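Colleague: Could you take a close look at one part of this model for me, and then put it in the context of the whole chain? Keep it informal, but spell out your cut-offs.

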Amino acid sequence: MRTPPEGETGGDRGGGALVPKYRPPGSRPVAGGDPPFAGLTLNSEFLVTDFPVATGRLRDGQVLLSAQNTPLVIRAARGRGLVTLLTFSPEREPFRSWKDREWFWARLVQLPSAWFTTQPMNTYGGWSVDGVFGSMIDSRQVRKLPVRWLLLLLAVYLVVIGPLDQYWLKKLNKQMLTWITFPVYVVLFSLLIYYIGYRLRAGETEWNELHIVDLLPRGQQAEWRGRTYASIYSPVNENYRLASDVPQATVRGEFLGSWSGGQESGRLTVEQLGQGFKAEVFVPVWTSQLLNSEWLQSDTMPFTARLVPQGANLQVQVTNHLNRPLADVRLVLQDRVYALGTVPANGVADRTLEAQAGESLENFVRQHATGWQDAVTRRQQAFGDNTSRWLSLDSTNVTAASFLSQLPAVGQNQRLFVMPAGLDLSALVERGDAVLFAWDAGQAPIPSMKRFKTVRSQQNTMFRLAIPSGPAGAP
């Protein structure tokens, strides 16, 4: 087959809309295209060269590039990722000797045009998303002394050991007693500070868990890809034992973010086993320690979802396979967030959604993520306001935390939050998939990894299910 002289393109032959026109880099200058692809010149020798192409029947996916109605590059969504198929061999001639093949790969993997400019592209900064979830599940038993009260206590201390001591000793004409009164003041204020700290921070051992579980359907089963954020509050200096029997699981301490030196907090010792792990973490007195465990296991689907177009509207059908209701179910589709309410236990919920009835995704994230940066900052400070460092633990905040890339950038190449790969789901929505969020309050998908007794504890789970785009929309 001969390469297309005009960079022919194909549309989506799986029943969807046509994809944007695509021209292979090097075929001809693209008028109005983004640099550097717009400046590439014609490679006439390559355009008149024959090369072998595999043919077959296209079942689904999008044809990104075709020649004489024969697909050359096909892309299809598979699970959370994309699979790109080349019907020709890039290791054989004439592609192997094509001088512009590097630009072809750059365009194929959708490298941003800004990467080819002379401006530096290294990103820097960013608060850790661990601090966001830590602000949700940290113990409310720990209260901080406001700075104004600290300054007032310091001022009183200086007045007592200085002018007040001098005044009453001079009035008694016993100035030499300052060698006795001064140590007494120090002891009294030390006891007062300890008492204040005890009243503010002393409490009972507490363990809180937040599970964020991505459901990846595999036939009748599903892969459960989980992230467990756990917070330990300790009333004493103590080492706490942890363990997990999930075959694929590990644990780490809290990542403090680039602005805090990129370090991991806490003293955690982990022994990785053939299945699961054993660990021990030291928690100082009157503090909370945040941990993050990532795990993977196979299980049945807790619920299924289906999207059915109905003209300009969309019908959403959610089937709950659990013996308990799922509360605060939300659907994110394109740039809208739809509230579906509660799905009853072992029941089905049908909702008809109007295209513009939901809330804008960008506005949703900005509205609920306001103050998160301040909360993460205050959470790491020893003194300050209490309420501003705590975030509500609910489905709304966890949903907003799944789309943090919707927040505006702080500055050029400067990140607002640093997060692990796969936590942010904006890429799925941008490619046309829908994401269903289901809040399972008071429940945990796996046994707890704590191996010690606690007086207080709570568990909550957020399930996230990506629904592929298409007429049926069934996973």
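Modeller: Sure, surface first: accessible areas here come from the Shrake-Rupley method with a 1.4 Å probe, and for residues only the protein chains shown count as cover. On that basis the protein chain exposes about 24,900 Å², with carbon and sulfur atoms supplying 54% of it. Keep in mind that this is a predicted model: local features need pLDDT of at least 70 and side-chain atom pairs count only at pLDDT 80 or more, while totals for chains, interfaces and linings use all residues. Numbering runs from 1 along each chain as its sequence is written, and side-chain values use heavy atoms, leaving out hydrogens and water.

The chain has nine helices and 20 strands (DSSP runs numbered from the N terminus: H or I of at least four residues, E of at least two). Of its 475 residues, 43% count as buried, meaning under 20% relative accessible area (exposed is over 50%, partly exposed in between). Among contacts (heavy atoms within 4.5 Å) with a separation of 6 or more, 70% join residues 24 or more positions apart.

Now the part I'd zoom in on: an open, antiparallel sheet of three strands in the order β1-β2-β3, where pairing needs at least two DSSP bridges. β1 (62-67) and β3 (81-86) are the edges, each pairing on one side only. From one strand to the next, the twist averages 15°. β2 (residues 70-78) joins β3 over six bridges, in the antiparallel sense, and I74 stands opposite L85 in β3. Helix α2 (residues 101-108) lies across β1, β2 and β3, running at about 145° to β3. That angle runs from 0 to 180 degrees between N-to-C directions, using axes fitted to C-alpha atoms, for helices over the stretch in contact.

Elsewhere in the chain, the largest nonpolar core (buried Ala, Val, Leu, Ile, Met, Phe, Trp, Tyr and Cys joined through side-chain atoms within 4.5 Å) has 44 residues, and F303, L331, L340 and L436 have the most contacts inside it. A second, separate core of 37 residues includes L361, V365, V376 and L391.

One last stop is S244, which sits in strand β7 (residues 238-244) and is buried at a relative accessible area of 9%. Its side chain reaches the backbone nitrogen of V246 at 3.3 Å. Leaving out residues up to four places away in sequence, S244 touches A249, Q275, G276, F277 and R451.

Definitions and conventions: Buried means under 20% relative accessible area, exposed over 50%, partly exposed in between (1.4 Å probe, protein chains only). A polar contact is a pair of N or O atoms within 3.5 Å; within protein, one must be able to donate a hydrogen and the other to accept it, and residues adjacent in sequence count only if both atoms are side-chain atoms.
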